[in-house]
Amino acid sequence: MDRGYPDRLRGEEIPPVARIFAVADTLDAMTTDRPYRRRCEWEQAVDEILRESGRQFDPTVVRAFATREQRLRRTQQELARSA
């Protein structure tokens, strides 16, 4: 069985935008309601992303995410209020 990103890419071989998108998509998936499950709390999603640093997510991307996480949270709340 092939492992890793498509074409067996791993680590730094995976395009940076794909590594960033993996974190962003996970955050969105976990913090929004889905037809098959309710959203989880923001803090739970952040904890999961931090826990998976170096395994599921690029550690450099996770560190950048962690430094901006509170700002992202405020942006998400503002967007939810304006929807």
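**Exposure and the R38–D33 pair**

A residue counts as exposed when its relative accessible area is over 50%, as buried when that value is under 20%, and as partly exposed in between. In this predicted model, R38 has a relative accessible area of 63% and is therefore exposed. Its partner D33, at 40%, is partly exposed. The side chains of R38 and D33 form a salt bridge, with an N to O distance of 3.2 Å.

**Other salt bridges**

Side chains of opposite charge can pair when their charged atoms come close. The whole structure contains 6 salt bridges. One of them joins R51 to E48, whose closest N and O atoms are 2.6 Å apart. Both residues belong to helix α2, where R51 and E48 are separated by 3 residues, about one turn of the helix. R51 is partly exposed at 46% relative accessible area, and E48 is likewise partly exposed at 25%.

E52 and R55 also form a salt bridge, with 3.7 Å between the closest N and O atoms. Here E52 is buried, with a relative accessible area of 17%, whereas R55 is exposed at 60%. In addition, salt bridges link E12, R19 and D58 in a network.

**Nonpolar core**

The largest nonpolar core comprises 12 residues: V23, L27, M30, C40, W42, A45, V46, I49, F57, V61, V62 and F65. Helices α1 (16-31), α2 (42-51) and α3 (59-82) each give two or more residues to this core. The most come from α2, which gives 4 residues.

Within the core, L27 touches W42, A45, I49 and F65, leaving aside residues up to four places away in sequence.

How values were computed. Residues are numbered from 1 along each chain as its sequence is written. This is a predicted model: local features need pLDDT of at least 70, side-chain atom pairs count only at pLDDT 80 or more; totals for chains, interfaces and linings use all residues. Side-chain values use heavy atoms; hydrogens and water are left out. A nonpolar core is a set of buried Ala, Val, Leu, Ile, Met, Phe, Trp, Tyr and Cys residues joined through side-chain atoms within 4.5 Å. Buried means under 20% relative accessible area, exposed over 50%, partly exposed in between (1.4 Å probe, protein chains only). Contact means heavy atoms within 4.5 Å. A salt bridge is a side-chain nitrogen of Lys or Arg within 4 Å of a carboxyl oxygen of Asp or Glu.
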